[in-house]
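Let's take a walk through this structure together. We'll look at how some of its side chains meet, starting with rings and ending with charges.

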Amino acid sequence: MTSFPSIEEKELLSRISEGDEAAFAILFYQYLGRLKPFISRYTRSDDDLKEILQETFVRLWLNRDKLPAVENPSAYIFRIAANQYQQKLRKDLAEQKALGGYRNSIQHTADTTFNSYQSKQLRQLVQEAVSKLPAQRRKIFLMSRRDGLSFREIAIQLNISPKTVKNTVFAALTDIRAHLAAAGESAWCWMIVLIWL
């Protein structure tokens, strides 16, 4: 994490605050690789890692109107990620208590409810897009992303080349992004890579 933000980062935040999706994509890719190891220090679950990363970028986008006032972009983004981890931890603890027979009356703020709703809607759109993929493309995509198989493992199982598998997965991602854009969720197209890591 840098102490002094570059002019480029401040400019990116300014552009994002105005709804510039290309600037958001640039910031997303700049911070994705930096946030993964940071969050991984606190959780060993790949699912939790993906969820926290996704919620971090969702919150960043939804609160973009605050970005021009941010003096240290790196600290601000890492703080959002830390807050999302704490929120996830509280949620998990509450669920554990509920499973143990305890009643927990945690109040969720309207903001949290709205963000959860947005995430749920996005997941539904992605699932809808995946269901519309051609059968073979969908099968290969799910083997890669859902089942966690490597391109080589899929190629062996389906008796095709690893390059064909790779091209098919990238074609599926392109189709999914197009579906999101057609649904008016073009800002989230940059996050589809994150959701399906």
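What follows goes through the aromatic rings, then a charge over a ring, then the salt bridges.

A couple of ground rules help. This is a predicted model, where local features need pLDDT of at least 70, side-chain atom pairs count only at pLDDT 80 or more, and totals for chains, interfaces and linings use all residues. Residues are numbered from 1 along each chain as its sequence is written, and side-chain values use heavy atoms, with hydrogens and water left out.

Let's begin with the rings. A pair of aromatic rings is described by the distance of the centres and the angle of the planes. Here, rings of Phe, Tyr and Trp (for Trp, its six-membered ring) pair if their centres lie within 6.5 Å; planes under 30 degrees apart are called stacked, those over 60 edge-to-face, and the rest tilted. By that yardstick, the structure holds 6 aromatic pairs. Take Phe28 and Tyr29: their ring centres are 5.0 Å apart and their planes sit at 80 degrees, so this pair is edge-to-face.

How far are these two tucked away? Buried means under 20% relative accessible area, exposed means over 50%, and partly exposed is in between (1.4 Å probe, protein chains only). Phe28 is buried, at 0% relative accessible area, whereas Tyr29 is partly exposed at 43%.

Another pair is Tyr31 with Phe78. Their ring centres are 6.3 Å apart and their planes are at 65 degrees, so they too meet edge-to-face. Tyr31 belongs to helix α2 (residues 21-40) and Phe78 to helix α4 (residues 73-99), so the pair ties together parts that are 47 residues apart in sequence. Helices here are DSSP runs (H or I, at least four residues), as are strands (E, at least two), numbered from the N terminus. Tyr31 is buried, with a relative accessible area of 0%, and Phe78 counts as buried at 6%.

Back to Phe28 and Tyr29 for a moment: together with Phe24, Phe57 and Trp61 they form one aromatic cluster. Trp61 has a charged partner as well, with Arg64 lying over its face at 4.2 Å from the ring centre. For a charge to sit over a ring, NZ of Lys or CZ of Arg has to be within 6 Å of the ring centre and within 35 degrees of the ring normal.

Now for charges that meet each other. A salt bridge is a side-chain nitrogen of Lys or Arg within 4 Å of a carboxyl oxygen of Asp or Glu. The count comes to 4 salt bridges. One of them joins Arg15 and Asp20, whose closest N and O atoms are 3.0 Å apart. Arg15 is partly exposed at 28% relative accessibility, and Asp20 is partly exposed at 24%.

Lys132 and Glu128 form a salt bridge too, with 3.9 Å between the closest N and O atoms. Lys132 is exposed, at 58% relative accessible area, while Glu128 is partly exposed at 36%.

Which helices does the bridge between Asp175 and Arg137 connect? These side chains meet at 2.4 Å, N to O. Asp175 lies in helix α8 (residues 162-182) and Arg137 in helix α6 (residues 135-145), so the pair ties together parts that are 38 residues apart in sequence. Asp175 is partly exposed at 30%, and Arg137 is partly exposed at 26%.
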